[in-house]
Amino acid sequence: MPTEPSPEFGGQTVLPEGSGPPDNRPKLRNEHHYPGERPPGDRHDRGEHPQRPAPDYDLAHHGDAEVAPGLVDLAVNVRRREPPAWLRERLTESLRDLAAYPDPGRARKAVADRHRRDPEEVLLTAGAAEAFVLIARAFRPRRAVVVHPQFTEPEAALRAAGHPVERVFLTPEEGFALAPERVPEDADLVVVGNPTNPTSVLHPAGAVAALARPGRVLVVDEAFADTIPGEPESLAGRADLPGVIVLRSLTKTWGLAGLRVGYALAGPDLIRELAHAQPLWAVSTPALVAAEACSTPAALAEVERDAHALAAERAYLVERLHAVPGVHLPVRPRASFALLRVPDGRAVRERLRALGFAVRRADTFPGLGPDWLRVAVRDRGVTDAFIAALQEALRLGATHGRREAADPVSPHSAGGAKEAR
């Protein structure tokens, strides 16, 4: 079996034992399991599974784990501290209807109209994260491939369901650019993000669409598509591509992470299979009201204005980062966050915490190492304060390095001091 490349710069593809050519599209899980039977490797099963080796990255780590009281949050990509007033009012009104079971009909139609699709091509979900679990439950792929670096939950969900997972790595030397030819031709389930978390790369729609073909399920995570004015590379409105499932999230744009609301867009057959794997009434009435309200023309106009404002703040952050010696940005970020590399990233991250800033460690993303950090775009005042803290963190690191070089027998260089956690 080919060995996996180094975690920071890896090659193209990692093949698990037992991988082989698919027999057409991934088999439906309900062809192999009876109602109520727990699939192998379900999250409730914490034991070892023969097809699920322990991941070499902490796939369960997310940005909220970095945040603590008193820290400026640059680790989480939710862009509002709370929903706007008009949305809070709609949510408050929805509480009167909690005695009735949720009815997704109106929200489903609103989302379908927003993307110019049929309601049968929409499934409302409890955030995009639930959709990854539904995909892992609904299908039994022979050769599942996840394009990394990207959000870790798709791979975590597939592994938890007992599926072998292969990785295709995009590299910083190539600007993390998507190369469709690197994905194995016989892969029958492929997952890619666009724009991608954490690289903030926006792949051309044509390159993503080139991965679609009969016999394959292509999952495109577009949770951050609305951070870009006009959503130029989105496949959300493409009903002509075979086997494509586009996932969207409302939680980050509208400050609804605690409500959990997102949706999947796909052909009616795929939507039916995902719905079959979904528990009854999985999306609450307030979440459905939010999905409907956030799909109106007025809400979309607000999203577009916010995307333009975000672009200006992002450009300012990038300008300031480029002026800091020792900071490397491999690409021009396009989403609501930037990926950067600094020397001795672990120590820099800890120093930033001591200086009052939480940033996202990126060594939990397959394909990246400890010197990578992800930073959320905030307003210019926060950016200026962060840049000052980053410069100080890097200065302290340089001073510490010079001290060790001058005193090679110090307890630090001899291993007498433990790294702060």
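This report walks through some salt bridges, a helix pair and a strand in this structure. Keep in mind that the model is predicted.

**Salt bridges**

Let's start with charged side chains. A search of the whole structure turns up 27 salt bridges. Here are three of them, with the N to O distance for each.

| Salt bridge | N to O distance |
|---|---|
| Arginine 106 and glutamate 292 | 2.9 Å |
| Arginine 167 and glutamate 155 | 2.8 Å |
| Aspartate 240 and arginine 238 | 2.7 Å |

Take the pair of arginine 106 and glutamate 292, whose side chains meet in a salt bridge. Arginine 106 sits in helix α2 (residues 105-114) and glutamate 292 in helix α8 (residues 285-293), so this pair links distant parts of the chain, 186 residues apart. Are the two partners buried or exposed? Arginine 106 has 61% relative accessibility, and because anything over 50% is called exposed, that is its label. Glutamate 292 comes in at 18%, and because buried means under 20%, this residue counts as buried.

Next up is arginine 167, which forms a salt bridge with glutamate 155. Arginine 167 lies in strand β7 (residues 165-169), while glutamate 155 belongs to helix α4 (residues 153-160), so the salt bridge ties together parts that are twelve residues apart in sequence. Arginine 167 and glutamate 155 are both buried.

The third pair in the table is aspartate 240 with arginine 238. Aspartate 240 counts as exposed, with 52% relative accessibility. Arginine 238 is at 32% relative accessibility, so it counts as partly exposed.

Some salt bridges also share partners: Asp56, Glu155, Arg159 and Arg167 are joined into one network this way.

**Helices α2 and α8**

Back to the helices that hold arginine 106 and glutamate 292. How do α2 and α8 pack? Their axes are 8 Å apart and make an angle of about 30°. Angles under 35 degrees count as roughly parallel, so that word fits α2 and α8. The crossing of α2 past α8 is left-handed.

Which residues meet here? On the α2 side there are Arg106, Ala107, Ala110 and Val111, and on the α8 side Leu288, Ala291 and Glu292. So the salt-bridge partners turn up in this list too, since Arg106 and Glu292 are both part of the meeting set.

The buried residues of α2 are Ala107, Ala110, Val111 and Ala112. These buried residues pack against α8, and also against two strands, β4 (122-125) and β11 (262-265). Just after α2 comes arginine 116, which takes a positive phi of about 55°.

**Strand β10 and its neighbors**

Strand β11, one of the elements that α2 packs against, leads us to β10, since β10 and β11 pair in the antiparallel sense over four bridges. Leucine 247 of β10 stands opposite alanine 264 in β11.

β10 also pairs with strand β9 (residues 217-221), this time in the parallel sense and again over four bridges. Valine 220 has valine 246 as its bridge partner in β10.

How many residues of β10 (residues 244-249) are buried? Six of its six residues are, so the strand is mostly covered. Val244, Val246 and Arg248 point one way from β10, while Ile245, Leu247 and Ser249 point the other way, and all are buried.

Terms used: Residues numbered from 1 in each chain as written. Predicted model: local features only at pLDDT ≥ 70, side-chain atom pairs only at ≥ 80, totals over all residues. Heavy atoms only, no water. Salt bridge = Lys/Arg side-chain N within 4 Å of Asp/Glu carboxyl O. Buried < 20%, exposed > 50% of the residue type's maximum accessible area, 1.4 Å probe, protein only. Contact = heavy atoms within 4.5 Å. Pairing = 2+ DSSP bridges. Axes fitted to C-alpha atoms, helices over the stretch in contact; angles between N-to-C directions. Parallel < 35°, antiparallel > 145°, perpendicular 65-115°, else oblique. Left-handed = near helix turned anticlockwise from the far one by under 90°.
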